[in-house]
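Could you walk me through this protein, a piece at a time? I am new to it and would like a friendly tour.

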Amino acid sequence: MNDPSHPYAPLTSENAALVLVDHQVGLMTGVRDYSTGELKHNVVALAKSAKALNLPIVVTTTARDSMWGPTFPELVEALPGVEIIDRSSVNAFDDARVSLAITATGRKKLIFAGISLEVCAAFPAITAVGKGLDAYVAVDASGTFSETKRQVGLLRMLQAGVILSDYATLMVEILKDNARPEAGALYGAMDMDWAKLVGQISAVYAKAR
């Protein structure tokens, strides 16, 4: 991924897909690096942004009927009609249905977010790198249970060649141009109403010229 003979290719609506792993109510209760409200906001905003940009979205849970409970309701509401694949494997990529769903997107750049960061997000992202894909992790849409877990998870992903970022930066990279018709929906999805206001002000000034 960092090979100088292969320059970085930006994320686009045509080459990227989003994979959301284990954002479940039981796991949410153990998150300590973000408040529940902030993490929910970030995950939902990421999902809505990906929808606004027409990205394929794969969603998976682990042991939802026995251990960790269902996906939190706000995320389910944000993704109507999206199948949530339940599995038993720790690494989401080890599940044949999840792997097939990811492969079926046809995308070579995969954006991951999950609880916990160092397992649910990191393991499939590292696996994706091993398969020759570009893997990104939206760190602020991926909570975990202690500062130690957070730090070692980040280090392990960096060592493996995973690209770390925040969800808004990844989505804006895909947007690329604020003149795109998706821009308003994207900033609205990220709960950046101030950005829409700036656009409205600019439109008023443009008319006054």
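**A guided walk through the model**

Leaving aside neighbours within four places in sequence, Ala121 is in contact with Phe112, Ala113, Gly114, Ser116, Val137 and Ser142. Keep in mind as you look that this is a predicted model. Ala121 sits in helix 5, and it counts as buried because its relative accessibility is 0%, where buried means under 20%. If you look for Glu14, which is 107 residues away from Ala121 along the chain, you will find the two C-alpha atoms separated by 22 Å.

One of the residues that Ala121 touches, Ser116, deserves a pause. Ser116 lies in the loop between strand 4 (109-114) and helix 5. The peptide bond joining Ile115 and Ser116 is cis, with omega at about 5 degrees. Most peptide bonds are trans.

Now follow helix 5 to its partner. Two packed helices are described by the angle between their axes and the distance between the axes. Helix 5 (residues 117-130) and helix 6 (residues 147-160) pack at an angle of about 5 degrees, and their axes are 10 Å apart. Helix 5 is therefore roughly parallel to helix 6, because angles under 35 degrees count that way. On the side of helix 5, the meeting residues are Leu117, Glu118, Ala122, Phe123, Ile126 and Val129. Helix 6 brings Lys149, Arg150, Gly153, Leu154, Arg156, Met157 and Ala160 to the contact. By type, the residues of this contact of helix 5 with helix 6 divide into 8 nonpolar, 1 polar and 4 charged.

Next, turn to helix 2 (residues 36-52). With 17 residues at 1.5 Å a residue, helix 2 should span 24 Å, and its end C-alpha atoms are indeed 24 Å apart, so the two values agree. Several of its residues are buried, among them Leu39, Val43, Leu46 and Ala50. An α-helix has 3.6 residues a turn, so residues three or four places apart point the same way.

Asn42 is another residue of helix 2, and it is buried, with a relative accessible area of 6%. What does the side chain of Asn42 reach? Its target is the backbone oxygen of Asp140, at 2.8 Å. Not counting residues up to four places away in sequence, Asn42 touches Asp140, Ala141 and Tyr167.

Just after helix 2 comes Asn54, in the loop between helix 2 and strand 2 (57-62). Phi of Asn54 is near 65 degrees, a positive value in a residue other than glycine. Most residues other than glycine have a negative phi. Asn54 counts as exposed because its relative accessibility is 55%, where exposed means over 50%.

Asn54 also leads us back toward the start of the chain, to Ser13, which lies in the segment before strand 1 (16-21). Leaving aside neighbours within four places in sequence, Ser13 is in contact with Leu53, Asn54, Leu55, Arg107, Ile174 and Arg180. The side chain of Ser13 reaches the backbone oxygen of Leu53 at 3.2 Å. Is Ser13 buried or exposed? With a relative accessible area of 9%, Ser13 is buried.

Our last stop is Lys176, in the loop between helix 7 (167-175) and helix 8 (183-189). Lys176 has a positive phi, near 70 degrees, and is a residue other than glycine. Its relative accessible area is 78%, so Lys176 is exposed.

Definitions and conventions. Residues are numbered from 1 along each chain as its sequence is written. This is a predicted model: local features need pLDDT of at least 70, side-chain atom pairs count only at pLDDT 80 or more; totals for chains, interfaces and linings use all residues. Side-chain values use heavy atoms; hydrogens and water are left out. Axes are lines fitted to C-alpha atoms, for helices over the stretch in contact, and angles run from 0 to 180 degrees between N-to-C directions. Helices (H or I, at least four residues) and strands (E, at least two) are DSSP runs, numbered from the N terminus. Angles under 35 degrees count as roughly parallel, over 145 as roughly antiparallel, 65 to 115 as roughly perpendicular and the rest as oblique. Contact means heavy atoms within 4.5 Å. Ala, Val, Leu, Ile, Met, Phe, Trp, Tyr, Cys and Pro count as nonpolar, Asp, Glu, Lys and Arg as charged, and the others, Gly among them, as polar. Buried means under 20% relative accessible area, exposed over 50%, partly exposed in between (1.4 Å probe, protein chains only). A polar contact is a pair of N or O atoms within 3.5 Å; within protein, one must be able to donate a hydrogen and the other to accept it, and residues adjacent in sequence count only if both atoms are side-chain atoms. The expected span of a helix is 1.5 Å times one less than its number of residues.
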